[in-house]
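This report describes side-chain pairing, burial and backbone features in a single protein chain. The sequence and the structure are shown first, and the discussion begins with charged pairs.

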Amino acid sequence: VKFFQTTGLTNVEFREGQIESLPVDDASVDVVISNCVINLSPDKPQVFREVHRVLKSGGRMIVSDIVLNRPLPDELKNDADLLTGCIAGALVRQDYIDAIKTAGFSNVTILSDHTYKASGAAQDPVTRGAAQALSGAAASVTILAVK
């Protein structure tokens, strides 16, 4: 109610739920967006299956997330800072795209793709200690997919 009172929007609704089990009816949503949340899920393929379930035919999913251009060194895979920074839990790029396609999406398109460089990682307190190992390993992508 407060959102309506401050914006006047009547076509917006907020629901609390888990990303792997959305509190939404089948085929009831036009668009799903996500900004670097899917990487925090331990079961990313389930997230994409769930998004596919709730989208109407022709519905779109637009997600921004971190993908890996190459696997991380073993010592970084379980780094708590990198996990909370959406890097250690990231999938290799092709595995991420394959998970989207396997969920049933078509027209999977990368809208933007920015690979992280060591200089940028060195300035971030979360990635500073692993800057050289991370250089070129991770990328921020925005992906569009259609049901």
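A salt bridge is counted here when a side-chain nitrogen of Lys or Arg lies within 4 Å of a carboxyl oxygen of Asp or Glu. The model under discussion is predicted. By this criterion, R53 and E50 form a salt bridge, with an N to O distance of 2.7 Å.

## Salt bridges

Across the whole structure, a search finds five salt bridges. Three of them are among those listed below.

| Pair | N to O distance |
|---|---|
| D26 and R53 | 2.4 Å |
| R53 and E50 | 2.7 Å |
| K77 and D74 | 3.3 Å |

In the salt bridge between D26 and R53, the closest N and O atoms are 2.4 Å apart. This pair links distant parts of the chain, since D26 belongs to the loop between α1 (2-7) and β1 (29-35), while R53 belongs to helix α2 (residues 44-54), 27 residues apart. The partners have their own accessibility values: D26 is exposed at 52% relative accessibility, and R53 is partly exposed at 25%.

The pair of R53 and E50 is placed within one element, as both residues lie in helix α2. They are three residues apart, about one turn of the helix. With a relative accessibility of 8%, E50 is buried, because buried means under 20%.

K77 and D74 meet in a salt bridge with an N to O distance of 3.3 Å. Because K77 and D74 are three residues apart in helix α3 (residues 74-77), about one helical turn separates them. K77 is partly exposed, at 39% relative accessible area, and D74 is exposed, at 59%. As for shared partners, salt bridges join D26, E50 and R53 into one network.

## Surroundings of E50

Which residues does E50 contact once its neighbours within four places in sequence are left aside? The contacts of E50 are with I19, E20, S21 and L22. E50 itself is placed in helix α2 and is buried at 8% relative accessibility.

## The buried side of helix α5

Helix α5 comprises residues 93-102, and its buried residues are R93, Y96, I97, A99 and I100. These residues lie on the same side of α5, because they cover an arc of only 155 degrees around the axis. The packing partners of the buried residues of α5 are α2, β2 (55-68), β3 (106-115) and β4 (138-146).

The search for aromatic pairs in the whole structure returns one. The ring centres of F48 and Y96 are 5.2 Å apart and the ring planes stand at 80 degrees, so this pair is edge-to-face. Because F48 lies in helix α2 and Y96 in helix α5, the pair ties together parts that are 48 residues apart in sequence. F48 and Y96 are both buried.

## Positive phi values

Where does a positive phi occur after α5? G104 follows α5 and has a positive phi, near 115 degrees.

Positive phi values also occur at residues that are not glycine. A27 has a phi of about 50 degrees and is found in the loop between α1 and β1. The relative accessible area of A27 is 42%, and A27 is therefore partly exposed. C36, a residue other than glycine, has a positive phi near 60 degrees. The position of C36 is in the loop between β1 and α2, and at 23% relative accessibility C36 counts as partly exposed.

## A nonpolar surface patch

L9, V12 and F14 form a nonpolar patch on the surface. Together these three residues have about 300 Å² of accessible area. V12 belongs to the loop between α1 and β1 and is partly exposed, with a relative accessible area of 35%.

## Summary

Two features involve helix α2 and another part of the chain. The salt bridge of D26 and R53 links the loop between α1 and β1 with helix α2, and the aromatic pair of F48 and Y96 ties helix α2 to helix α5. Helix α2 is also among the elements against which the buried residues of α5 pack.

Conventions:
Residues are numbered from 1 along each chain as its sequence is written. This is a predicted model: local features need pLDDT of at least 70, side-chain atom pairs count only at pLDDT 80 or more; totals for chains, interfaces and linings use all residues. Side-chain values use heavy atoms; hydrogens and water are left out. Helices (H or I, at least four residues) and strands (E, at least two) are DSSP runs, numbered from the N terminus. Buried means under 20% relative accessible area, exposed over 50%, partly exposed in between (1.4 Å probe, protein chains only). The arc is that of the directions from the helix axis to the C-beta atoms. Contact means heavy atoms within 4.5 Å. Patches are made of residues with over 30% relative accessible area and no salt bridge: like charges are joined within 9 Å, nonpolar side chains (Val, Leu, Ile, Met, Phe, Trp, Tyr) within 5 Å. Accessible areas come from the Shrake-Rupley method with a 1.4 Å probe; for residues, only the protein chains shown count as cover. Rings of Phe, Tyr and Trp (its six-membered ring) pair if their centres lie within 6.5 Å; planes under 30 degrees apart count as stacked, over 60 as edge-to-face and the rest as tilted.
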